[in-house]
Amino acid sequence: MKLTIPGEELMGHGNLSCQGCGGSLAMRYALKALGRDTIAVIPACCWSIIDGPFPYSCLKIPVFHTAFETAASAASGVSAAMKIKGKKTTVLAWAGDGGTFDIGIQALSGAAERGDNIIYICYDNEAYMNTGIQRSSATPYGAWTTTTPAKKFKSAPKKNMVEIMVAHKIPYTATACIAYPEDFIKKIKKAKGFQGTKYIQVLAPCPTGWRYDPAKTIELSKMAVESGIYPLYEVENGIYKISRKAKNKTVKEYIKMQGRFSHLTGEVIDEMQKNVDKEWELLIRKEEFYGHTKE
Amino acid sequence: MKKVVTGNYAASYGAKVSRAEVVAAYPITPQTQIVEKIASFVANNEMDAEYIKVESEHSAMAACVGASAAGCRAYTATSAQGLALMHEMLHWAANARLPVVMANVNRAMGPPWTVWTDQNDSLSQRDTGWLQFYCENSQEVFDTTIQAYKICEKIGLPGMLVLDAFILSHTSEPVEIYDQDRIDKFLPKYNPRYKLEPSETHAFGGLTTPEWYYELRYKIQSAMDEGLKEIESVGKDFGKMFGRKYGLIEKYRCDDIDTLLVMSGSTASTGKEVIDRLRDNGERIGLARMRVFRPFPKQEMRKLAEDVNKIIVIDRNISFGNEGIFFSELKSALYNENTDIPVYGFIAGLGGRDITMKDIEGMIKKADGKPKDIIWWGLK
């Protein structure tokens, strides 16, 4: 079997992630795809900590730690600097879901509309995990967090950030999952080939916040994709393409592995299943529709 | 070459001749002309810069911070609400030791909505670690932009030059634009020792425990101290090269005086007219124009205070619950040295109300007897 994942490790030992951290795997794969000629801009998120305290950094690329809502805008500045210096260095904005869906959405929308040349990767662990599991607009319906206690669980659906980015008509938008590293790496490499703002949202489960056994991160990640809850797809210049078509697991199977959903009743779970089926159907139709317009 | 330009355009020309490489800006009245002019410079290839038309001032400063960290000379301009929105990133620029230079057109803060001048916007950013230069005229706006880059890049802190809304920003006057060759000689290309560079894998601004944070703050204070010397020496060199000398405080007719008037910004030029008139009448009064507010020129202020027996400060700003801000800072500078000089604190011209020669004469006359911390001039 031919190994398609680059062997070079640009994330070193001694990082400060929790056991089973999806976010640290996501970074490891992302850097394998991007290579050494990369500058990372990281706002407040788990990775502000994972990278290591001063004077250490576990990444073998330069890192600029920036304020919470400025991943995209600070990266735009770095990107402009690379352009004026005539450098081809990739500028990576690397933010969590809170920094992307919530507080950083304005700066990201601005950069995307202008077409600033950055790769923006949101590692999505579906809540403010670094501050101790508070709900974000990426938190799915039904989930417990410390600010959405089980008795009053999150009643709003997860914001569809991917579609918001697609609506900016940027050249490339994709979802990914750490359980599918070849797909994730392929997408990052593809993103690198486009000028402008590229957005990749990678599901990065958090055992601490989702309340599951850290050994199950990959299994659970796979289930998120297989159940259609976190479909893998890409939108290249407006053309949708689903990366993994099989949908052979249920919402119930996925959520029963996680303490954050343990309070949910059968009725609520049925409702969630209906919504997932509907969204999946919609995605298939989008693929058909846009695929058709392409021809 | 002399050009008739507004204070705003003087700022734009300053950014151009300083060869700012990345400009990130968002429009706000009365700053707009600065960024419009830069947009036309860039569009006409008169200025080799990347201009990011950001969606907010917060992003403007974030982009400047990113560009500066990547080793570029970065520039922006703003005013009032825009400056307040930048606040978080002002700290970021200073604490990351990035010599971003910005023009702030002094506009009063809302509500109620206003576009006219006072200094509360910039003075609210007092403790962010930015150098602050208060300019009197368009030539100084232009000259200070060039000097600010030289000073800030030497000491590793950002600098804000401040000009009054409309009174200076929209008033045209002749400004000498020096030859680019000479400016390039005075202000060489920015090339910081540490920058975002894939061959050097540093992490900038990572989590720092109490073990080191404290020392990093001490280093900023040390850089501010160095800034005091640097402002004087760069101002002197600038004088040698271009014929206009600058320093921390401009002393106007401060020889043989018993009363010192302290002002800042464009209103100081009205103050100078008043001083001329009073000196002609034999009064022993001079004017200290505070050109630099951060770092605060304590020693120079103390020296000036040595030879007078009365100080009058006119503040176009107020720290609510206390008093005028220049007044406060000046009193505090004197406390350990000259505690017995009466200092009178006047508040005037908030929200752009005119401060006329008659007003200034009136305040000077009123500054008599037991000194007061806060005297509201011309209150209806």
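This is a short chat about aromatic pairs, charges over rings and one sheet in a predicted model.

Reader: How many aromatic pairs are there over all chains?
Author: The count is 22 over all chains of this predicted model. One of them is Phe238(B) with Phe242(B), a tilted pair.

Reader: What's the geometry there, centre to centre and between the planes?
Author: Phe238(B) and Phe242(B) sit 4.7 Å centre to centre, with 45 degrees between the planes.

Reader: And where do those two lie in chain B?
Author: Both are in helix α8 (residues 210–242), four residues apart, which is about one turn of the helix.

Reader: Is Phe242(B) buried or exposed?
Author: Phe242(B) is buried, because its relative accessible area of 7% falls under the 20% cut-off. Phe238(B) is buried too, at 0%.

Reader: Which cluster do ring pairs link them into?
Author: One that holds Phe142(B), Tyr178(B), Phe186(B), Phe238(B), Phe242(B) and Tyr246(B).

Reader: OK, charges now. What lies over the face of Tyr213(B)?
Author: Arg217(B) does, at 4.3 Å from the ring centre. Arg294(B) lies over the face of Phe293(B), at 4.8 Å from that ring centre.

Reader: Switching to the sheet: what's the strand order?
Author: It's an open sheet of nine strands with mixed pairing, running β8(A)-β7(A)-β5(A)-β6(A)-β4(A)-β3(A)-β1(A)-β2(A)-β9(B).

Reader: Which strands stand at the edges?
Author: β8 (239–242) of chain A and β9 (203–204) of chain B. Each has a single partner strand, so one side of each has no neighbour in the sheet.

Reader: In which sense do β5 and β7 of chain A pair?
Author: Antiparallel, over three bridges. Thr173(A) stands opposite Val235(A) in β7(A).

Key
Residues are numbered from 1 along each chain as its sequence is written. Chains are lettered from A and ligands numbered from 1 in the order in which they are written. This is a predicted model: local features need pLDDT of at least 70, side-chain atom pairs count only at pLDDT 80 or more; totals for chains, interfaces and linings use all residues. Side-chain values use heavy atoms; hydrogens and water are left out. Rings of Phe, Tyr and Trp (its six-membered ring) pair if their centres lie within 6.5 Å; planes under 30 degrees apart count as stacked, over 60 as edge-to-face and the rest as tilted. Buried means under 20% relative accessible area, exposed over 50%, partly exposed in between (1.4 Å probe, protein chains only). A charge sits over a ring if NZ of Lys or CZ of Arg is within 6 Å of the ring centre and within 35 degrees of the ring normal. Two strands pair if DSSP finds at least two bridges between them.
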